Structures are given as C-alpha cells and as structure tokens.
Amino acid sequence: MRYVIVGSGVAGIAAIEAIRSLDDQGEIWLIHDDPHGFYSRPGLAYYLTDEIPEEQLFPHSIDWERYQVRRIWGRVTRILPQQSAIEGVHFHLLRGLWGNKKVQEEPFRLSYDRLLLAVGSQAIPLNVPGVELHGVVKIDHLEDARLIRHLARRSRRAVVIGGGITSLELVEGIRAQGPEVHYLMRGERYWSNVLDETESRIVEHRLEEEGVILHHFTEVSEILGQKGQVVGVRLKDGKVLHCDMVAYAIGVRPRLQLAREAGLQTDRGILVNEYMQTNVPNIFAAGDVAQVYDPRSGKAVLDSLWGPAREQGYYAGLNMAGLSRPYLRGLPFNVTRLAGITTTLIGRIGEGHRDEDTLGIVRGDSETWRDLPDALMAQTGFDVNHIRLIVGERTLLGAVVMGDQTLSFPLQRMIVEEVDIRPIRDRLLSPNEKPSEVLAEYWTRLTTTTSPALGRPVFKFSRA
Amino acid sequence: MTFYEEAKRRAVLVAGQVVPDTTRCVQCGICSFNCPMGIDVRAHAWRGEPVVNSRCLTCGQCVTRCPRGVLRFERISIFKEK
C-alpha cells in the first residue's frame, strides 16, 4: 500500500500519525512545497513578536525516523485519477559561491493507492494597484514571517490593512520590531461581525496603549512606490500616508487549482463526505482546503483553524488505512490573543449568525471569580476581564471570554456538550447577579456530583 | 496580592499537575521555551498527556505564558478531596 500525502501542514502530519497507528508496513510519501516542512504555522505570530526564536517553531514530538516517511520537497502539478498517479517537480537547492542559492527542478511521477490533499489555503491577494512593490507583505508561511521581520526592523512606519485575527498578529508583530504602525479599518470598529462593541473597544483601546495608530472608515486606493519600493499609500479620500512597508490580511482562500484540474467536486473548498473522501475514489482531503459537512446546520462549511485541521487529518488517515470512522465536526472554537488579551471564542457569537433560539445576551465580569475546586490560580493580574454569553432556551449557544481564562474551559465543555442550563437560566439573565459567579457555582455542582448532563466525552486523540 | 490568595496559589501549585487541552494547542512551543527545567511541555500537549515528569517544579511558567489557555493545573488524584 502506498499513501501519498500532499502538504506538510498539521492535517498531513496528523494523517501520517493515524496511518502509522494502523499500518506499519505501507509506504508513506509526503510532498510539500514549503522548504521547512512541518512547523507551527499559528506560532509564526509569536515568532514575529520575538516571544520564541525561529527554531522553537519546529516540534520535536514528531518522530520521523519511526514513521518512516519519504519526504519530497516539491510541487504537485497534476493529479491523474484514472491512472492513480501524480506528477510534479522535485526541488533541489543548489548552493553556489558567495552564498548564491538556486533551485533546480526535476520532474517526477508517483503512483498512489491512497492520496490525501492537505494543501491548505493561502492569503487572498490585495486588489489594489501597487501590490507588486517591494515592501508589500502578507503572511502565509515562515518565509513570509522572515521577510516581515527583516522589513519591519528597517522601516520607520508601517501600514496594516485587513481584519480578523491575522491582521492583529501583523500589527503586534510589526510593532514589536519597532516601527510606528498605522492600522486601517474599513468599518467603524475592529472585527464587527464577531465581536460586540465593548469587545472591539477593549481591543482597540489596548492597541492604542501599545502605540498603534488606528484609522476607522479608511480604505487604500493605491500603494505608492519609488524605484520598486513602497513609499506610501493613497487613501480613498485622497490623503497620502507615507510608510516603508504595507502588510495585509484580508482573508484566506483554499488552494483548489490541483483539485479542480483533476475533476474533483469543489465549491469554496474540496467537498468531502464525513469520511473525508472526495467524489473520486481513493482521494481524500483534509484541513483548510476541505469543505466538510456540518451535521448541525446541514451545510458543507469551511474551517480555517488548526485544531479541526488536525482532527480532519487524523480521521482522513484512519479512513485511508482502511477503517471507516466518520468525522463529526464540532462547534467552531478558538482561543487566541487579541492585542495581548487572551480571548476564547466558542460557538455562535457573531451577529450575523444570531437566530430565533437566541433569547438574551449576558455580559459579565469575572474578576471576583476564582473559587473553582481545581481553580487555575497561576494566572493572575489581568487588567481586562470580560465575558459574554449567548443564552438559548435550554443550553448555552456561545461565549466570548476575554482576559482571565478560568471560565473558558468550563464554558467550552458546557457549550460543546450542550449542558442543560435551565436550573440557572433565570439567574444568568437577571441583572442583579454576576453571570460568572452563577456559572462557577453551577460548574462546581456539575463536576462534584456525577450528573447526567455531563455525559459525552470531549474529543481525544486516542490510538486506534 | 493578599496573603490568603498567595497561600492558596501555593497550595494549588503543590497539589497540582499541568494538564493540557489538545484541541486548543497550536504547538507554538512557548511552553517548552519557557520551562526552566527544559521539559518539552509541547510534546505532552500534542499527545494530550499530563506533564508527569519528576523534574516538573509546577512553577506555572508554561501555564501563564501559554497564549491560548491550553494548560491548566489539576489536582493529582491523591490530593483530591473526597
């Protein structure tokens, strides 16, 4: 049996682990176009802020020797589903005199029994004149992060365009290297379709404290250059802002070219069933590139998160090696740092997703709340603490936890496992009680008594 | 920080072990980088195993530094209240 995995992101690595847990004889080939192979892509944000050195991005926990993976640094150019083969080019790095580097390409052809496409997604290019100038950057992989650090250390003023988590990572990362950072937003506040106004203001206030200059209702119409180098941006209102670099993060798009050319069924991503199979036999897809069926909504959805990518890769691997284990997509869940504030986002929190069974929104503050039996006492001294709950008829539908993360873990389980909150629902919505304290009390009661409400186990990576 | 809080914090640290939540972890390696004893906390987080290592001081560096709240303290079973 020959397994071919395209893409060295976490989905590909998880698939290798899963295959090797079932099959220690089969050949595994890993084809990746990133010269650095597997490393922590989300960790690039902390590399930009100098919290970790570059070599720390590479985990030692993956035992390549034991997994016996044949690695090819190269690019797949074509999939031939009829012949069960792929064609591509193999890269060779040639080092010449005086540190000259040259990449030589050598074509190869490889047949497969099972193929996994885990090629991920890439940044959507900015559609503005002048994006090709030197000094305009996006962040996809380690090479980009290196370039951003290199440029940021040499520039005096940087402009960041975009929204979401990635743009804030760029803002913080560039700011940490020294230059003055101008953050341009199209709307009236940061990330308005997920965060509510208070949360956006908390983040923006924090950014201003760090010295970032915010511009609301601002759009770039042109990037200005001189001798191929960025010198500034022209805004829609005609003003010119001088800068030495422009970074953008306006979203990501799955890399679909290979799949489309091979005749796989695609929508916004590669469509897969719950076994991570595409419509072509023996071809699987996982990670950012896969559009997975969501049993809750009945639609196929895209995720761009590391945790689900790992789960999908793992299930794809199990199914490639002969099991048939369905992957059940969980609730969207992410923990991240927005302007230095640890933030948990669980479930349905965005305003665009508000539906009929959402009845009330609770706001709260968790400062006084530290009395769990297994309380996390090491994290203290947060100056911002904020909790927002989306309360449904019977269960909690979503939550945002900023700052103190003590409640984050209980809330995650209560939402994912759909714990019945009817006993405390009135108290949660009452203006006289602190929701955080009510929740703490309820969670303590749930975990100390064996309650049927906490039945389903949280997802675990078990050896099959 | 009051004396009571500090005493309670110490008590938790002594009776606890560091437990990861794999679904939150992105393997950035901040935990391993900041561990004063050089324990590869990240490898434990990848496998979802508690940091059971005789060198672990339960100093809480990894728990505090983790940017995504992956790690938390949990009481070891021998210290569990009945």
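Glu219(A) and Lys236(A) pair up in a salt bridge, with their closest N and O atoms 2.9 Å apart. Glu219(A) sits in the loop between β11 (213-215) and β12 (220-226) of chain A, and Lys236(A) in the loop between β13 (229-235) and β14 (240-242), so this pair ties together parts that are 17 residues apart in sequence. Bear in mind that what you're looking at is a predicted model. Below is a quick tour of the salt bridges, the contact between chains A and B, the cysteines and a couple of backbone oddities.

**Salt bridges**

- Over all chains, the structure holds 26 salt bridges.
- In the pair we started with, Glu219(A) counts as partly exposed, at 27% relative accessibility, while Lys236(A) counts as exposed, at 55%.
- Arg201(A) and Glu204(A) also join side chains in a salt bridge, at 2.9 Å from N to O.
- Both of those residues, Arg201(A) and Glu204(A), belong to helix α6 (residues 197-209) of chain A, where they are 3 residues apart, or about one turn of the helix.
- Arg201(A) is partly exposed, with 33% relative accessibility, but its partner Glu204(A) is buried, at 5%.
- Lys138(A) and Asp140(A) make another side-chain salt bridge, this one at 3.4 Å from N to O.
- Here Lys138(A) is partly exposed, with a relative accessible area of 24%, and Asp140(A) is buried, at 15%.
- There's a network as well: salt bridges link Asp50(A), Arg149(A) and Arg153(A).
- As general background, side chains of opposite charge can pair when their charged atoms come close.

**Chain A overall**

- Chain A has 464 residues, and 55% of them count as buried.
- Its secondary structure comes to 11 helices and 25 strands.
- Take the contacts in chain A between residues at least 6 apart in sequence: 63% of these join residues at least 24 apart.
- Chain A exposes about 21100 Å², and carbon and sulfur atoms supply 47% of that area.

**Where chain B meets chain A**

- On the chain B side, 30 residues are in contact with 44 residues of chain A.
- Between them, the two chains bury about 3200 Å², with 57% of it on carbon and sulfur atoms.
- Within chain B, the residues that lose the most area to chain A are Arg24(B), Trp46(B) and Arg68(B), which together make up 23% of what that side buries.
- How many salt bridges cross the interface of chain B and chain A? The rule finds 0 of them there.
- Polar contacts do turn up, with 11 residue pairs counted between chain B and chain A, both residues at pLDDT 80 or more.
- Several elements of chain B each supply at least two residues of the side that touches chain A: α1 (3-15), α2 (30-34), α3 (41-47), α4 (61-65) and β2 (71-75).

**Cysteines**

- If you're hunting for disulfides, a search of the whole structure finds 0 over all chains.
- Why is Cys31(B) not bonded to Cys28(B)? Cys28(B) has the closest cysteine sulfur, but at 6.3 Å from the sulfur of Cys31(B) it is too far for a bond, given that a disulfide needs the two sulfurs within 2.5 Å.
- Cys66(B) is in no disulfide either; the nearest cysteine sulfur, again that of Cys28(B), is 6.3 Å away.
- Both of these unpaired residues are tucked out of reach of the probe for the most part: Cys31(B) is buried, with a relative accessible area of 11%, and Cys66(B) is buried, at 10%.

**Backbone oddities**

- Most residues other than glycine have a negative phi, and two residues here go the other way.
- Ser84(A) has a positive phi of about 50°, though it is not a glycine.
- You'll find Ser84(A) in the loop between β3 (69-80) and β4 (85-95) of chain A, where it counts as partly exposed, at 24% relative accessibility.
- Gln27(B) is not a glycine either, yet it has a positive phi of about 60°.
- Gln27(B) lies in the loop between β1 (16-20) and α2 of chain B.
- Is Gln27(B) buried or exposed? At 2% relative accessibility, Gln27(B) counts as buried.

Definitions and conventions. Residues are numbered from 1 along each chain as its sequence is written. Chains are lettered from A and ligands numbered from 1 in the order in which they are written. This is a predicted model: local features need pLDDT of at least 70, side-chain atom pairs count only at pLDDT 80 or more; totals for chains, interfaces and linings use all residues. Side-chain values use heavy atoms; hydrogens and water are left out. Buried means under 20% relative accessible area, exposed over 50%, partly exposed in between (1.4 Å probe, protein chains only). Helices (H or I, at least four residues) and strands (E, at least two) are DSSP runs, numbered from the N terminus. Contact means heavy atoms within 4.5 Å. Accessible areas come from the Shrake-Rupley method with a 1.4 Å probe; for residues, only the protein chains shown count as cover. Buried area is the accessible area (1.4 Å probe) that two parts lose on being put together, summed over both. A salt bridge is a side-chain nitrogen of Lys or Arg within 4 Å of a carboxyl oxygen of Asp or Glu. A polar contact is a pair of N or O atoms within 3.5 Å; within protein, one must be able to donate a hydrogen and the other to accept it, and residues adjacent in sequence count only if both atoms are side-chain atoms.
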